[in-house]
Amino acid sequence: MEFKVLIKTFPFNAIRFTGKLCQLTLRSLYLFIKLLFKSTTNLYVDVLDNINKPSECILIVGPRNSGKSSLLYRIKLSEFISTTPTGSSVEEQFYLCRFCLVPPSNCIHSDLKDYDKIKVKIYELGFNDSIHTYQHQIQICNKVIYVIDSFGNHKLSEINKDIITLISEHNYHHRMPKYVFFITKNDMFGGIDHTALQKSIEIPQELKDKYMFVLGSSVTGQGIFESIAFLLLDRRPSQNENSDLIVL
């Protein structure tokens with residue numbers, strides 16, 4: 001009796017089972033397409049954000065063999081690497097954590113969002129570059145780090161002339177410029193008298209809030225956080241917070 005009932009209801013049960021299976025298949029396909037579309041959309045949005053997100057452009061200049069490349073890669077990698085003299089212009093683009101100003105890979109803050117990262121593009125002028133390259137980089141970078149070698153054989157008058165020329169040309173293109181004068185190799189004993197250097201450089205009075213002198217080192221990382229914080233976040237430490245800084 002039960003077998004006959006099973007035979008009679010089999011077509012109906014088969015149709016119902018097939019319908020449930022089709023419904024489950026369509027539901028799974030819908031969820032898969034939705035997830036795929038969402039992932040693709042998020043990827044597309046992230047790509048657009050990375051493309052459209054403005055970069056903070058910084059130009060590193062200074063006398064030859066003053067440590068410009070070492071400073072650039074110390075900022076980018078958070079570690080010191082030995083470099084050779086830069087013949088042609090170098091351009092590096094990367095992200096820094098907004099809180100500790102180091103690359104996200106070396107950052108102590110986990111789960112950083114896109115808005116927690118600062119997109120930075122740093123240019124370094126090579127000694128073989130033309131005046132056209134120099135003028136182009138001056139125009140696109142409103143922030144400048146001028147590197148001064150504590151043990152360089154450059155006279156203070158020459159450094160002063162170079163800085164005044166730089167400020168004059170750079171300030172012509174930017175209404176809100178910022179300058180850091182990074183006196184490097186201060187982890188070594190001796191070197192230039194930074195007080196005499198400070199007095200020798202004649203910076204226009206209207207830029208008194210737009211520049212800062214920093215005693216720093218690419219080897220130890222001294223003064224780099226303060227320099228980047230001033231340029232990118234407009235954060236100027238007081239002299240009591242860090243004795244390595246000369247705040248004018």
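**Charges over rings**

I started with Lys178 and found it over the face of Phe230, 5.3 Å from the ring centre. This is a predicted model, so I read each distance as a computed value. I then looked up Arg64: its charged end sits over the ring of Phe127, at 3.7 Å from the centre.

**Ring pairs**

How many aromatic pairs does the structure hold? I noted five. One of them joins Phe181 and Phe213, with 5.0 Å from centre to centre and 35 degrees between the planes. I filed this pair as tilted, because that label covers planes that are neither under 30 nor over 60 degrees apart.

Where do the two rings lie? I placed Phe181 in strand S5, residues 178-184, and Phe213 in strand S6, residues 211-215. The pair therefore ties together parts that are 32 residues apart in sequence. Buried or exposed, I asked of Phe181 and Phe213? Both are buried.

I followed the ring pairs further and came to a cluster that links Phe181 and Phe213 with Tyr146, Tyr179 and Tyr211.

**The whole chain**

Stepping back, I listed six helices and seven strands. Along the sequence I wrote the pattern down as α-β-α-β-β-α-β-α-β-α-β-α-β.

I also checked the contacts between residues at least 6 apart in sequence: 72% of them join residues at least 24 apart.

Of the 248 residues in the protein, 36% are buried. For the accessible surface I noted about 15,200 Å², with 57% of that belonging to carbon and sulfur atoms.

Definitions and conventions: Residues numbered from 1 in each chain as written. Predicted model: local features only at pLDDT ≥ 70, side-chain atom pairs only at ≥ 80, totals over all residues. Heavy atoms only, no water. Helix = DSSP H or I, 4+ residues; strand = E, 2+ residues; numbered from the N terminus. Buried < 20%, exposed > 50% of the residue type's maximum accessible area, 1.4 Å probe, protein only. Contact = heavy atoms within 4.5 Å. Areas by Shrake-Rupley, 256 points an atom, 1.4 Å probe, with all protein chains shown as cover. Phe/Tyr/Trp six-rings, centres within 6.5 Å; stacked < 30°, edge-to-face > 60°. Lys NZ or Arg CZ within 6 Å of the ring centre and 35° of its normal.
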